[in-house]
Amino acid sequence: MTASAAPAGAPRAGVLELRGISKRYRGAPRDAVAELSLTVPAGAVCVLIGPSGCGKTTALKMVNRLIEPSSGEILIDGVSVRDRRPADLRREIGYVIQQVGLLPHLTVFANIATVPKLLGWPKDRIRTRADELMRLIGLEPEEYAHRYPAELSGGQQQRVGLARALAADPPVMLMDEPFSAVDPITRERLQNDFLRLHRQVPKTVVFVSHDIDEAVKMADLVAVMDGGRLIQCAPPAELLSAPANSFVADFVGADRTLKGLSLVRLEDLELAPAPLVAEGTPAESVRERIAAGALRPLEDAVLVTDERGRPRYWRAMDRLGEPAGTARVEPVLDRVTTLRDALAALFEAGAAYGVVVDGDGACVGLVGVDAITGSLRGPVARSEAA
Amino acid sequence: MSPAGIWDAFNDPNLDGWHQLWIHVRLSLEALVLATVIGVTLGVVAAKTGRVTGFVVSAVANLGRTIPTFALLALAVALSTIGEGPTLVGLVALGVPPVLLNAHTGIREVDRGAVEAARGMGFTPLAVLGRVELPMALPLVFTGIRVSAIQIVATAALGASVGANGLGVLILSGLANADDEILLAGAIPTALLALAVGGMLALAERLLTPRGLRLARASRPTKTMRSTT
């Protein structure tokens, strides 16, 4: 993306190793987590998933010592978390929770600045970092820095929660069902934002979810748990194509082919070129370009864009040059959107084509229902080949 | 009886209303400071030490509020001597429960998500208390302090019956001499003082409540702050 969005200094990601960790709560008949061993490579997203009570959140909280394991060892870049003072350890691990937990008496800026302040960063560095993060999550610092959490929507709050967790550039991030308290549309947007962020700033992420679709979409590695035990740990494609046993197969669900659509993103498809026309282009020159074969209208319409290439509206050929209407382009899909979400959006809008945009909102092409269903012939095989 | 008569009674060098007013204010202030320190401390401890302790402490505090202050004063006199000492003890005992109960409730009702996030970001337990829980409980604690202050100022007049100075001296003297002007020269300033203190603390509460919390309260009308009056 833009150069200003790149973080200062090289982003860090650590290797996270869980070695045979168990946890039994006092008075409990069985272990909440039993002999869990798991290695998350640097920069990978590992989703812990399973039915409620399977021990996924307990496992997550043992990494930053909010819960102490009864036995076993947890290492970050080879150093046992037990050798660190809990407060120091936690300042180096990003933490995002479902309830968000922004401090309501502090501004957005102060919330994001929390950990850098605890670490004693100089003021200008905190200011620069907070501004950079706010732009990264799509909240303009000038407008939002001095707002309070109560003045933000649920989705914006969780964005700030994400920025706060990233503030001190921690090598490891823990995310406990971060997007499950928001509505489905906001959730999808947050997931896409997170994926884009993660691509720019790779972190080792442990992500707890109860939603298999979310797991397949977000994960490099899915760890399915049940009754405190790890049942299967595999990349999403492998989980879908070769579930280890009937429990995993049931958990993944019968519609595995359809779920495979979550493994492929729009940017993995060959997109159809969009008939783009910059706003204000004279009708005459549009017709000339069409005559020259440089522009092929779609269903006798062209897509009018603003000066930065962002789609504004569809315009029928016979109405070229008329003033802008209010009709919005729907759906507009970020290119990191999974085929599954894209298909849902197309059906939702009742549209045959969706406009695909990059992180800055500029149009990069079109995607049709046909192109998506065409990929159904083997999305799993395709993503394994990629 | 006339306003001028009341004013003259208040300024009578034998009664010395200004001096009594000053004693009244000083005594109330001392009691309020002590009650706040004790109430907040006990409230925090109760909120932090689990359900059972919290229940016991708030039950005792609630019970304490039902004991008539006059009985408390009598008890304090019986246990020590007459004068300012037992009056202060009685006023503190009266002032502690509202502060304690509100501090307890305030800390208990702090959003668990905020506390967990703070711990997860590396706040030490003391920092969680000082920078998350107490600021978020502040509006409720302040309401408790305001309630205490009004009760203390109004009740300090009773101290005169056990030998303490204060505006109560004028009230008692007025009663004993069947002189309404003297009685009112004590009673009116007491009432005005209570009103003024209540108003001042309400203003301070508004000014000291962080803006973010006021907004959060406004956006969640169902969870209004309770006053313990």
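Which residue of chain A forms a salt bridge with B:R211? The partner is A:E151, and the closest N and O atoms of the two are 3.5 Å apart. A salt bridge here is a side-chain nitrogen of Lys or Arg within 4 Å of a carboxyl oxygen of Asp or Glu. Before we go on, please keep in mind that this is a predicted model, in which local features need pLDDT of at least 70 and side-chain atom pairs count only at pLDDT 80 or more, while totals for chains, interfaces and linings use all residues. Residues are numbered from 1 along each chain as its sequence is written, chains are lettered from A and ligands numbered from 1 in the order in which they are written, and side-chain values use heavy atoms, with hydrogens and water left out.

Let us stay with that pair for a moment. It crosses between chains, running from B:R211 in helix α10 of chain B to A:E151 in the loop between α6 (141–144) and α7 (154–166) of chain A. Helices (H or I, at least four residues) and strands (E, at least two) are DSSP runs, numbered from the N terminus. B:R211 has a relative accessible area of 44%, so it is partly exposed. A:E151 is partly exposed too, because its value is 31%. These words have fixed cut-offs: buried means under 20% relative accessible area, exposed over 50%, and partly exposed in between (1.4 Å probe, protein chains only).

Now look at the whole meeting place of the two chains. Chain B brings 22 residues to the contact and chain A brings 24 residues, where contact means heavy atoms within 4.5 Å. The buried area between them is about 2000 Å², and carbon and sulfur atoms give 65% of that. Buried area is the accessible area (1.4 Å probe) that two parts lose on being put together, summed over both. Two salt bridges are counted between chain B and chain A. The interface also has five residue pairs in polar contact, both residues being at pLDDT 80 or more. A polar contact is a pair of N or O atoms within 3.5 Å; within protein, one must be able to donate a hydrogen and the other to accept it, and residues adjacent in sequence count only if both atoms are side-chain atoms.

Which elements of chain B give two or more residues to the side that touches chain A? They are α6 (112–121), α7 (125–155) and α10 (211–219). Of these, α6(B) gives the most, with seven residues. The residues on this side of chain B divide into eleven nonpolar, six polar and five charged. In this grouping, Ala, Val, Leu, Ile, Met, Phe, Trp, Tyr, Cys and Pro count as nonpolar, Asp, Glu, Lys and Arg as charged, and the others, Gly among them, as polar.

Step back to see chain B as a whole. It has ten helices and zero strands, and its C-alpha atoms fill a box of roughly 65 × 40 × 25 Å along the principal axes. Of its 229 residues, 48% count as buried. One residue to find is B:L203, in helix α9 (residues 180–208) of chain B. B:L203 counts as exposed because its relative accessibility is 53%.

Over in chain A, try strand β1 (residues 16–23), which holds A:S22. With 7% relative accessibility, A:S22 counts as buried. A polar atom of its side chain lies 2.9 Å from the backbone nitrogen of A:E35. Leaving aside neighbours within four places in sequence, A:S22 is in contact with several residues, including A:V33, A:M62 and A:P69.

Chain A has salt bridges of its own. The side chains of A:R159 and A:D193 meet in one, at 2.5 Å from N to O. A:R159 lies in helix α7 and A:D193 in helix α8 (residues 184–200) of chain A, so the pair ties together parts that are 34 residues apart in sequence. Both residues are buried. They belong to a network of salt bridges that links A:R159, A:D193, A:R196 and A:D334.

Finally, how many disulfides does the structure hold? The number is zero over all chains, a disulfide being a pair of cysteine sulfur atoms within 2.5 Å. For A:C46, the nearest cysteine sulfur is that of A:C233, 5.3 Å away. The sulfur of A:C54 is too far for a bond, because the closest cysteine sulfur, in A:C46, is 12 Å from it.
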